[in-house]
Amino acid sequence: MKIASWNVNSLNVRLPHLEQWLAASSPDIVALQETKLEDAKFPDDPLIAMGYRSVFAGQKTYNGVAVLSRERAVDVQVGVPGFEDEQKRVLAATVGDLRIVNLYVVNGQDVGTEKYAYKLRWLEAVHDWLAQELVTHPRMIVLGDFNIAPDERDVHDPAVWNDAHILTSRAERDALQRLVSLGLHDAYRALNPEEKQFSWWDYRQGGFRRNLGLRIDLTLVSEALRPHAVASGIDREPRTWDRPSDHAPAWVELG
């Protein structure tokens with residue numbers, strides 16, 4: 001079974017890319033972030049025609065998350081229980097015997113800003129919620145755009161992306177580590193311990209052409225699923241297409 005995550009950066013713009021990639025890669029489950037669509041405009045019908053059923057939580061212009069699956073998703077949760085937030089960033093659903101938690105983590109703008117403080121509060125709320133979810137759903141995958149590069153192997157230049165920089169600051173990395181310490185494993189890093197591959201490249205300054213990237217799109221598997229994770233990677237090809245998302249799909253395969 002192949003489970004993937006992709007920040008499409010506007011599903012309205014990137015639907016043809018998504019359809020092309022689904023046809024070529026045939027994932028069983030896909031978590032999407034930054035759909036940037038109100039629910040009434042979600043392209044349900046063309047995805048059904050490709051064999052995927054969707055659950056989604058969107059808003060106009062910003063954010064938006066969705067889970068596509070060949071098997072119908074049930075027990076859907078939108079948002080973090082008890083954490084008031086109008087931004088559509090969290091979607092959990094059960095597909096078969098897997099609990100899928102799709103996260104579009106707050107960017108944080110810059111260290112020390114109000115948005116940075118919001119990011120840390122948001123991550124703390126997610127941590128407390130997932131601690132409970134893992135008890136109920138031991139076969140869990142937490143995936144999405146985390147807007148945090150876990151360590152120096154996940155950035156093109158550690159001198160630039162350092163402890164004081166947004167997306168790599170010490171507080172952000174510590175918050176991510178707290179999530180992982182709940183009993184989650186970074187599937188990509190577990191299976192590719194030394195490889196340096198990225199999932200996001202800035203549109204500016206030839207970021208993709210020069211491979212000035214970060215690995216911020218993660219697939220975290222629970223302790224119960226770790227022995228079943230047989231492969232994990234990042235599909236760079238969609239980033240080469242015309243008018244691409246700035247992110248590439250990240251995936252894990254369970255055997």
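## A mixed sheet built from β1 to β4, β13 and β14

An open sheet is formed by six strands in the order β3-β4-β2-β1-β14-β13, and its pairing is mixed. The strands at its edges are β3 (53–57) and β13 (229–234), each of which pairs on one side only, and from one strand to the next the twist averages 15°. The model described here, this sheet included, is a predicted one.

Within this sheet, strand β1 (residues 2–7) pairs with strand β14 (residues 250–254) in the antiparallel sense over four bridges, and Ala4 stands opposite Trp251 in β14. Helix α1 (residues 11–25) lies across β1, β2 (29–33) and β4 (65–69), and the helix runs at about 160° to β1.

## A second mixed sheet

Another open sheet, again with mixed pairing, consists of six strands in the order β5-β6-β7-β8-β12-β9. Because β5 (74–78) and β9 (184–186) stand at the edges with a single partner strand each, one side of each is left without a neighbour in the sheet. Ignoring direction, neighbouring strands of this sheet are turned by 20° against each other on average.

Strands of a sheet pair through backbone hydrogen bonds, in either a parallel or an antiparallel sense. With β7, strand β8 pairs in the parallel sense over six bridges, and Leu103 stands opposite Gly144 in β8. With β12, strand β8 pairs in the antiparallel sense over five bridges, and here Val142 stands opposite Leu220 in β12. Six of the six residues of β8 are buried, so this strand is largely enclosed by the rest of the structure.

## Helix α3 and its neighbours

Helix α3 lies across β5, β6, β7, β8, β9 and β12, and its direction is at about 180° to that of β7. The axes of α3 and α4 come within 9 Å and cross at roughly 10°, which means that α3 is roughly parallel to α4.

On the α3 side of this contact are Tyr116, Lys119, Leu120, Leu123, Glu124, Val126, His127 and Leu130, and they meet Ala171, Glu172, Ala175, Arg178 and Leu179 in α4. Sorted by character, the residues of the contact of α3 with α4 comprise eight that are nonpolar, one that is polar and four that are charged.

## The nonpolar cores

The largest nonpolar core has 26 residues, and those with the most contacts inside it are Val101, Leu103, Trp122, Leu130, Val142 and Phe146. Two or more residues of this core are given by each of β6 (90–95), β7 (98–104), α3 (114–136), β8 (140–145), α4 (170–180) and β12 (217–222), with α3 providing the largest share, eight residues.

Residues up to four places away in sequence being left out of the count, Leu130 touches Val101, Met140, Val142, Leu179 and Leu182. Leu130 is also one of the residues of α3 that meet α4, while Val142, which Leu130 touches, is the residue that stands opposite Leu220 in β12. Apart from this largest core lies another, of 22 residues, among them Ala93, Ile141, Val221 and Leu254.

Conventions
Residues are numbered from 1 along each chain as its sequence is written. This is a predicted model: local features need pLDDT of at least 70, side-chain atom pairs count only at pLDDT 80 or more; totals for chains, interfaces and linings use all residues. Side-chain values use heavy atoms; hydrogens and water are left out. A nonpolar core is a set of buried Ala, Val, Leu, Ile, Met, Phe, Trp, Tyr and Cys residues joined through side-chain atoms within 4.5 Å. Buried means under 20% relative accessible area, exposed over 50%, partly exposed in between (1.4 Å probe, protein chains only). Contact means heavy atoms within 4.5 Å. Axes are lines fitted to C-alpha atoms, for helices over the stretch in contact, and angles run from 0 to 180 degrees between N-to-C directions. Angles under 35 degrees count as roughly parallel, over 145 as roughly antiparallel, 65 to 115 as roughly perpendicular and the rest as oblique. Ala, Val, Leu, Ile, Met, Phe, Trp, Tyr, Cys and Pro count as nonpolar, Asp, Glu, Lys and Arg as charged, and the others, Gly among them, as polar. Two strands pair if DSSP finds at least two bridges between them.
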